[in-house]
Amino acid sequence: MQDFEIKPYPELWHELDMDVERFDKARQMLGGAYSKIFLSQNNRPQAMAYFDEMIAEIFGGRIKELVQAKKEGRPVVGTFCVYIPEEIVLAADGICVGLCGGSPGSIPDAEKILPRNICPMVKSAFGFKAGRICPYFQAVDFVYGETTCDAKKKTWEILDRLVPTYVMEIPQMKKERDRALWIEEVKDFKAKIEEISGKTISPEQLAAATKVINGKRRALQRLTKLRAANPAPISGKDALLIEQIAFYDEPVRFAAKVNELCDELEVRVAKSEGAFPKSALRVMVSGTPMALPNWKIHNLVESAGAVIVNEESCIGTRYFKDLIAEGTEDLDQQLAALTDRYMRIDCSCFTPNDERVTQVLKEYKDSAAQGIIHYSLQFCHTYNIEEIKIREACQQEGIPYLSIESDYSPDDVGQLQTRIEAFLEQVEG
Ligand code: BJ8
C-alpha cells in the first residue's frame, strides 16, 4: 500500500477559527481509512491519482481556493441538496460547495443540541459547524438550505444561529402551480445571490455557467455509461468517491479530470480489462445520498468480491442525469429551462414520486446490474417509505433485492456484512 497522508494546514485552520487539535485527529483517522479502503484496491485506473490528490488536499488545497475567492469578493456558498441551482452561484462568479455530513465524528456535537432520532446526515453536517471541525463550513460566507425533508428544514432555523442560513422553498408536488412557485423561488435565489455578492447576473453569465455545470454532469454521465461494461473498468468505491468530490471541486477542472479518466476507461473496456474480474457480481445501489466519507456499503459489498456499478442517489445519477436546455440568452427563458431541469429530480420528498421507480428500473437495466441494494439512512422517512414501492417493483420484475437502513456508526458493520454476503449468495443462485 502506498504512503498516504491527508495534508495538515494548522495555520489555515486557525485562521478559520477551527478546533484545530481535535480536527487534526480526525484528519489522521480519515487518512488511515482512505489508505485502507481505497489505496489497497487492485488494478486502479492511473487517472485516479488526481482524485487521490484531491483527498490528500481536501483540508488545504481546495480550502485555500475558497479563502482566495472570498478575498476577491466572490460569494462562497454552502449547500445541502441538489435542488439548489449551483449554476446561479457560478454565474455570479461564486463557488458552491456541498456540506452534507457523512461522518459519525461530528454527531455527538449535534446531539448536544438537536434531537438524537433524526437523520445522521443532518446531524453530521450540523455537528461539523457546531464543533468547528469542518474547514468548508468555516470557509463559506453563508449557507443555503431548502424545504425538502422535515429534519433539514427545521434544522436550518437552528443552524442560522451559527452561520447565516437562507432557505429556498422546494414544493412537495409537481403540479403547474408548483412550477410557478418554483420559478419564483429560483428568481428569489438569484436575487439573494446578487444582493450578497453585489453583482448582477447577466444572461451571458448564466449561459456560460449553465454550460460549465452541464459539462460536469456530462462527464459524470460518461463515467456512468462506462461502468456498464463487463468487466467493470472501475470499482464502485472509486466511482462513488468521484461523485462525492463533484460537490466540492472546481467544476471545469473536475470535468476535465473525469473525462481524462473516461479516456483511460474506454481503453480498458476495449481491452476487456476490469477493476474486478468478469465473473464478479454486479450490484446497483439506490436510495439516500452517501456523503463523504460514507463508504460503508460500497466497502462491504466490494470486500465481498462483488462490484457496484451504479448509484441511483443524489451523490450519484440523481445529481447528473438531467441537463439544462441551452441555447437561449433570454433570462426568463433561461430560468424556466433551469427550473424545468431541477423539477425532474426525483427525490422522495415529493408526492407522488413514481418517476423514481421507473428511473430505478431503467438504471438497473442500463448498468447491467444483477441485483439492487436499497440504502436508506436511519430516520429518513421519505426514502424508507418509498422503499416499499421500489421493493414491489423489483419483486414484479424478478430483480434480486436487499433493503438496508443504517447510520454512520460502525456498530452494525458485522450484521450488514452477514446480510450482504447472504444477498450476494442469493444473486449467484
Ligand atoms: S434531493 S435526497 S439531497 S433532500 S437522507 S437529509 S431527505 S432525512 S438528503 Fe436529499 Fe435533496 Fe432529496 Fe437529494 Fe432528509 Fe432523508 Fe436525511 Fe436526506
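Does Asn353 count as buried or exposed, and what is the relative accessibility behind the label — which of the two words fits? The legends below take up this residue, then a second asparagine, and then the whole chain. The model shown here is predicted.

**View 1. Asn353 sits in a loop between two helices.** Start by finding α16 (331-343) and α17 (354-366); the loop between these helices holds Asn353. Now for the opening question: Asn353 counts as buried, because its relative accessibility is 4% and buried means under 20%.

**View 2. The side chain of Asn353 has polar partners at Asp346 and Glu386.** Look for the backbone oxygen of Asp346, which the side chain of Asn353 reaches at 3.2 Å. The side chain of Glu386 is the other partner to find, joined to the side chain of Asn353 by a polar contact of 3.0 Å. If you set aside neighbours within four places in sequence, the residues in contact with Asn353 are Asp346, Cys347, Ser348 and Glu386.

**View 3. Asn214 belongs to a helix and is buried.** Where is the place of Asn214? Follow helix α11, which covers residues 203-226, and you will find Asn214 there. Asn214 has a relative accessible area of 0%, so Asn214 counts as buried.

**View 4. Asn214 touches residues from another part of the sequence.** Not counting residues up to four places away in sequence, Asn214 touches Leu323, Ile324 and Glu326. Take Ile324 as your guide: its backbone oxygen lies 2.9 Å from a polar atom of the Asn214 side chain. Then turn to Glu326, which is 112 residues from Asn214 along the chain. In space, the C-alpha atoms of Asn214 and Glu326 are separated by 9.1 Å.

**View 5. Stepping back, the whole chain has 19 helices and 8 strands.** Along its principal axes, the C-alpha trace spans about 60 × 50 × 45 Å. The chain has a radius of gyration of 21 Å, which agrees with the value near 22 Å for a compact globule of 429 residues. Buried residues make up 59% of those 429 residues. Of the contacts between residues at least 6 apart in sequence, 75% join residues at least 24 apart.

**View 6. The surface and the charges complete the tour.** The accessible surface of the chain comes to about 17,500 Å², and 51% of that surface belongs to carbon and sulfur atoms. How many positive and negative side chains does the chain have? There are 53 positive and 66 negative ones, and the centres of the two sets lie 1 Å apart.

Notes:
Residues numbered from 1 in each chain as written. Predicted model: local features only at pLDDT ≥ 70, side-chain atom pairs only at ≥ 80, totals over all residues. Heavy atoms only, no water. Helix = DSSP H or I, 4+ residues; strand = E, 2+ residues; numbered from the N terminus. Rg over C-alpha atoms; globule rule 2.2 N^0.38 Å. Buried < 20%, exposed > 50% of the residue type's maximum accessible area, 1.4 Å probe, protein only. Contact = heavy atoms within 4.5 Å. Areas by Shrake-Rupley, 256 points an atom, 1.4 Å probe, with all protein chains shown as cover. Lys, Arg positive; Asp, Glu negative; His and termini not counted. Charge placed at Lys NZ, Arg CZ, Asp CG, Glu CD. Polar contact = N/O pair within 3.5 Å; in protein donor to acceptor, adjacent residues only side chain to side chain.
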